[in-house]
Amino acid sequence: MSTTPLTGYRLPQKLHPLSLLAQLTSRHATGCLRVFTKTASWSINIEDGKLTYASYSDRLFERLDHHLQRLSQEIPTLNSATRVQMRLMFEPKNEHQSMQYADYQAICWLTSQEYITPAQAETLIYELAKEVLETFLVLKEGNYEFSLEASWDELPKFCYLDLRLLVEYCHKQLQQRQNIQSQVQAGQGSSVLTSTNVRPKKSKTFDKRNTKKSQPGLKKNLYTIACIDDSQTVLNSIKLFLDGNTFAVVTINDPVKALMQILRSKPDLILLDVEMPNLDGYELCSLLRRHSAFKNIPIIMVTGRTGFIDKAKAKMVRSSGYLTKPFTQADLLKIVFKYLD
């Protein structure tokens, strides 16, 4: 059932994502909610108040490939050759070449070619939706529009997810992460981690390090973390994950200007994205290491690439560690504490 279109697509305005989604659910709305900021866009497709797909533009196919790589452990046909073929067919080569619902069309293709079953497609869509909604719920400002789209109606649907339950789940996850932030400095990480999705093997190391940081005799009460990434969405996520009472986060989205900004901020640790325009992370890491001020500062490479060649490149430019996207708050805190200890 369609509804009167919602629209906020004029000047940037304050956004209330929870309220917006609640309206659409209560109205049993049908259509596509599109939200735009300066750095990214979100598409949330709804039919009769149920979610059929959710997507956001930042690292679109990297995140899809990450989930398919997980599935490949159970589905041999989802090998690297299949995933590369999929990306060649559907991933836009540049910002001027676009295919509407490219990521969803890729999932449809995988299903039609019987690389995955419709049930596996539903699971994939559910996992992607959780990631998308978590990034959407923290938005404070942007433009939006809600309308019917004929091109979406022509595509097959694999699921009708309960949007209200999904939003409640994602909202709870965000609250738990905020609780982790507030508990870390109090040395109570272990009691919070039992209710999160952190794997047991990781949580032991994570708890030990959190406890260590809460002991007396630490050199600093506030650590400065410099984050260099051309995606403002990623920078916002890192800032959200790192507690303001423990970390001062300096965000830098222009790699060319990064050196001077880092010199001014004098960070205790640097998080450096690998894939950036004009100057990639490996080049920038190499430049930083040549400067006397950064010879011993921990530099963590942040990337969606997981190949041996990429890790070898990171070692060649003398990076301290490697953080794979997409990462959880626990993953981020774990590696940060490792190199600040």
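This is a walk through two sheets, a pair of helices and some salt bridges, with something to select at each stop.

Before you click: this is a predicted model, so local features need pLDDT of at least 70 and side-chain atom pairs count only at pLDDT 80 or more, while totals for chains, interfaces and linings use all residues. Residues are numbered from 1 along each chain as its sequence is written, and side-chain values use heavy atoms, with hydrogens and water left out.

**Stop 1: the parallel sheet**

Helix and strand labels here are DSSP runs numbered from the N terminus: helices are H or I with at least four residues, strands are E with at least two. Two strands pair if DSSP finds at least two bridges between them.

Select β7 to β11. These five strands form an open sheet with parallel pairing, in the order β8-β7-β9-β10-β11. At the edges you'll find β8 (247-252) and β11 (321-324), each pairing on one side only. Neighbouring strands are turned by 20° against each other on average, direction ignored; axes are lines fitted to C-alpha atoms, for helices over the stretch in contact, and angles run from 0 to 180 degrees between N-to-C directions.

Now zoom in on β7 (223-228). Is it covered or open? Six of its six residues are buried, where buried means under 20% relative accessible area, exposed over 50% and partly exposed in between (1.4 Å probe, protein chains only). Show the side chains: Y223, I225 and C227 point one way, and T224, A226 and I228 the other. In a regular strand the side chains alternate between the two faces of the sheet.

Next door, β7 and β8 pair in parallel over six bridges, and I225 stands opposite V249 in β8. Towards the other edge, four bridges join β10 (residues 299-303) to β11; pick V302 and look for its bridge partner in β11, L323.

**Stop 2: two helices on that sheet**

Add α10 (residues 232-241), which lies across β7, β8 and β9 (269-273) and runs at about 175° to β8. Then add α14 (residues 329-340): this helix lies across β7, β8, β9, β10 and β11, at about 170° to β11. Contact here means heavy atoms within 4.5 Å.

How do α10 and α14 sit relative to each other? Their axes come within 10 Å and cross at roughly 75°, so the two helices are roughly perpendicular (65 to 115 degrees; under 35 counts as roughly parallel, over 145 as roughly antiparallel and the rest as oblique). To see where they touch, select I238, L240 and F241 in α10 with Q329, L332 and L333 in α14. The contact residues divide into five nonpolar, one polar and no charged. For that split, Ala, Val, Leu, Ile, Met, Phe, Trp, Tyr, Cys and Pro count as nonpolar, Asp, Glu, Lys and Arg as charged, and the others, Gly among them, as polar.

**Stop 3: salt bridges**

The structure holds nine salt bridges, each a side-chain nitrogen of Lys or Arg within 4 Å of a carboxyl oxygen of Asp or Glu. Side chains of opposite charge can pair when their charged atoms come close.

Start with D273 and R59, which meet at 2.8 Å, N to O. D273 is in strand β9 and R59 in the loop between β4 (50-56) and α2 (60-71), so this pair links parts of the chain 214 residues apart. Both D273 and R59 are buried. Add D229 and D230 to the selection, and you have a network of salt bridges with R59 and D273.

Then try α5 (residues 118-137), where E127 and K130 are three residues apart, about one helical turn. Their side chains meet at 3.3 Å, N to O. E127 is partly exposed at 27% relative accessible area, whereas K130 is buried at 13%.

In α7 (residues 163-184), E168 and R164 are four residues apart, with their closest N and O atoms 3.1 Å apart. E168 is partly exposed at 41% relative accessibility, and R164 is partly exposed at 44%.

**Stop 4: the antiparallel sheet**

Finally, select β1 to β6. These six strands form an open sheet with antiparallel pairing, in the order β1-β5-β2-β3-β4-β6. The edge strands β1 (13-14) and β6 (161-162) each have a single partner, so one side of each is left without a neighbour in the sheet. β4 and β6 are joined by two bridges, and L51 has L161 as its bridge partner in β6.
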